[in-house]
Structures are given as structure tokens and as C-alpha cells.
Amino acid sequence: MTEESVRVERLLDAEAKAEQLFDEIERRGLIRAGVGEKDLSDEINALAADLLGVTRHWHRRIVRAGENTLQPFKERPPDRVLGADDIAFLDLGPIFEEWEADFGRTYVLGDDPDKLALRDALPRVWQAGRAYFNDHADVTGSELFDATVGLARDEGFDWGSHIAGHLVGEFPHKTIPGTKTEWYVMPGSTKPMRRLDPSGRQCHWILEIHLIDPQHRFGGFYEKLLDIG
């Protein structure tokens with residue numbers, strides 16, 4: 001196997017393990033009314049260690065519920081307890097044998113039709129964003145950001161973040177030299193996404209979707225590998 005094929009295999013394996021973790025979180029009913037965001041984050045951390053041997057996460061664990069789902073990653077809203085008719089999302093970045101995963105999903109407690117509609121739109125917007133990426137060989141991070149925000153609005157939702165994705169790879173990918181903007185799917189990221197990094201390795205990307213309901217009552221989040229898998 002070539003070095004690049006090994007990298008792809010390891011990234012896909014890391015994502016498969018992250019998906020396994022999310023499946024187990026759901027199977028055990030950890031996302032439930034009455035639990036606080038911080039306590040749920042701690043429960044997930046313990047589960048990741050017990051189930052998959054995860055000892056590190058390359059970014060802080062994000063557990064958001066209710067109005068906190070309106071806030072992007074960089075914000076630190078007050079801890080909130082999940083309600084019986086709530087919406088919540090998880091954004092986790094576990095490290096598996098020095099390979100980064102980044103996975104996000106949204107969950108709805110109860111049967112509120114607006115929350116369910118937002119949850120169900122998230123993977124559609126993600127798939128449409130990937131289709132745009134696949135159809136534009138020289139797409140830049142800025143172009144993909146604009147296209148994805150437009151796709152979200154086509155679904156009737158607002159956008160909740162200043163980015164729509166980022167580089168992912170061997171931990172820690174943040175040590176790769178270059179300007180911060182060029183490693184994100186965001187305005188001002190003007191280099192083609194299909195390129196080599198300064199070490200001569202192929203760039204691999206996460207596409208992340210943060211939708212906000214039209215009345216700005218709540219949001220939802222969804223992310224996974226964009227260019228492989």
C-alpha cells in the first residue's frame with residue numbers, strides 16, 4: 001500500500017470508530033431529558049475510553065441543547081439541562097491511534113415537527129454540499145462555503161457558523177504551516193481544496209453543517225469526512 005492509501009484507510013477507520021461511539025451513545029439512551037450538557041459530555045468521555053480506548057480528543061467536546069444549539073463552536077454558553085421536548089447536538093473529535101476523527105449529529109427528544117424537520121434537513125444539506133465539491137474539481141474553501149450556505153437557505157434555514165469545515169488528518173493537523181484561513185472551508189480560503197499540504201501530503205477535509213431554524217429558536221449540527229468515504 002502507498003503512504004496515501006494508508007492515510008485514507010486510517011482516516012476512514014477513525015471515522016468508523018467515531019460512528020460506532022455515536023451509535024452506542026444512542027443505544028444507551030445517554031441523550032435524555034434531565035441530564036446537563038457537562039454531565040453528558042463527561043458520560044460520553046467515559047464511554048469513549050471504555051468502549052474504544054479513547055484517551056484524547058483533538059478539540060473540546062461539544063454538547064449543546066435547546067437555545068445553546070444556536071451557538072457556534074467557539075462560544076461557551078452556560079451549562080443547560082436537556083428538556084423533555086428538546087433538540088441537542090454532539091460534536092466530538094476523538095483521536096484513534098494518532099488519527100483524528102470529527103463527527104457530529106443532532107438528536108430530537110419528543111416529536112416537535114420543526115425540530116424534526118431541521119434534524120432531517122442536516123444530512124440533505126451535507127450531501128448537497130458534497131455533490132457540489134465533487135462537481136467542481138478546483139473548488140476553493142470560500143466557494144464551497146458560499147455554496148453550502150446557499151444550499152442551507154434553499155432548505156429554509158439560516159447558517160450558524162463562520163466555517164463549513166476544515167482540514168483533518170494525523171494528530172495534530174493544526175501544526176501544518178500556513179495561514180489559518182487556508183485550512184478551513186470559509187470566506188477568504190482561496191486555494192483549491194484538492195491540493196497537497198506543505199509536507200507533500202494530500203489534503204483531506206471535513207464538511208460540517210450548522211443550521212439555524214428561521215425563527216432562531218434552535219439549531220442543529222452534522223459533520224463527517226467530505227472527500228473520502
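This is a short walk through a predicted model, one selection at a time.

**Stop 1: the annotated region**

Start by selecting residues 11–174. The UniProt record, an unreviewed entry, annotates this stretch as "domain: Peptidase M24". Across these residues the chain is 43% helix and 16% strand, and the C-alpha atoms at the two ends are 16 Å apart.

**Stop 2: the largest nonpolar core**

Next, show the side chains of Leu144, Trp159, Met193, Trp205, Ile209 and Leu211. They are the residues with the most contacts inside the largest nonpolar core, which has 32 residues. Which elements supply at least two residues each to this core? Color helix H3 (113–135), helix H4 (141–154) and strand S8 (204–212) to see them. H3 gives the most, with six residues. As background, nonpolar side chains in soluble globular proteins tend to be buried together.

Now center the view on Trp159. Leaving aside residues up to four places away in sequence, Trp159 touches Phe145, Thr148, Val149, Ala152 and Ala164, and also Glu208, Ile209, His210, Leu211 and Ile212. Apart from this core lies another one, of 30 residues; select Ile25, Leu82, Phe96 and Leu225 to see some of its members.

**Stop 3: helix H4**

Go back to H4 and look along its length. How far apart are its end C-alpha atoms? They are 20 Å apart, which agrees with the 20 Å that its 14 residues should span at 1.5 Å a residue.

Then pick out the buried residues of H4: Gly141, Ser142, Leu144, Phe145, Ala147, Thr148, Val149 and Ala152. Turn the helix to find what they pack against, namely H3, strand S6 (158–159) and S8. Just after H4, pause at Gly156, where phi is positive at about 95 degrees.

**Stop 4: a lysine in H3**

Select Lys115, which is found in helix H3. Is this lysine buried or exposed? Its relative accessible area is 12%, and because anything under 20% counts as buried, Lys115 is buried.

Display its neighbors too. Not counting residues up to four places away in sequence, Lys115 touches Asp85, Asp86, Ile87, Val108 and Phe218. Zoom in on Asp85: its backbone oxygen lies 3.4 Å from a polar atom of the Lys115 side chain.

**Stop 5: strands S1, S2 and S5**

One of those neighbors, Ile87, leads to the next selection: strand S2, residues 87–92. Six of its six residues are buried, so S2 is largely enclosed by the rest of the structure. Ile87, Phe89 and Asp91 point one way, whereas Ala88, Leu90 and Leu92 point the other way, and all are buried.

Add strand S1 (residues 62–65), which pairs with S2 in the antiparallel sense over four bridges. In this pairing, look for Val63 opposite Leu90.

Now add strand S5 (residues 103–108). S2 and S5 also pair in the antiparallel sense, over six bridges. Two places to check are Leu92, which stands opposite Phe103, and Ala88, which stands opposite Tyr107.

S5 is mostly covered, with six of its six residues buried. On one side are Phe103, Arg105 and Tyr107, and on the other are Gly104, Thr106 and Val108; all are buried. Val108 is also among the residues that Lys115 touches.

**Stop 6: backbone details in the loops**

The last selections are about the backbone. Most residues other than glycine have a negative phi, and most peptide bonds are trans.

- Select Glu98, in the loop between strand S3 (95–96) and strand S4 (99–100). Glu98 has a positive phi of about 75 degrees although it is not a glycine. At 40% relative accessibility, this residue counts as partly exposed.
- Select His216, in the loop between S8 and strand S9 (219–225). His216 is not a glycine either, yet its phi is positive, at about 60 degrees. Its relative accessibility is 46%, so His216 counts as partly exposed.
- Select Phe171 and Pro172. The peptide bond from Phe171 to Pro172 is cis, with omega near -5 degrees. Pro172 lies in the loop between strand S7 (165–168) and S8.

From Pro172 you can follow the loop to S8, one of the elements that supply the largest nonpolar core.

Terms used: Residues numbered from 1 in each chain as written. Predicted model: local features only at pLDDT ≥ 70, side-chain atom pairs only at ≥ 80, totals over all residues. Heavy atoms only, no water. Core = buried A, V, L, I, M, F, W, Y, C linked by side-chain atoms within 4.5 Å. Buried < 20%, exposed > 50% of the residue type's maximum accessible area, 1.4 Å probe, protein only. Contact = heavy atoms within 4.5 Å. UniProt positions renumbered as here; feature names shortened; annotations may be inferred. Expected span 1.5 Å × (residues − 1). Polar contact = N/O pair within 3.5 Å; in protein donor to acceptor, adjacent residues only side chain to side chain. Pairing = 2+ DSSP bridges.
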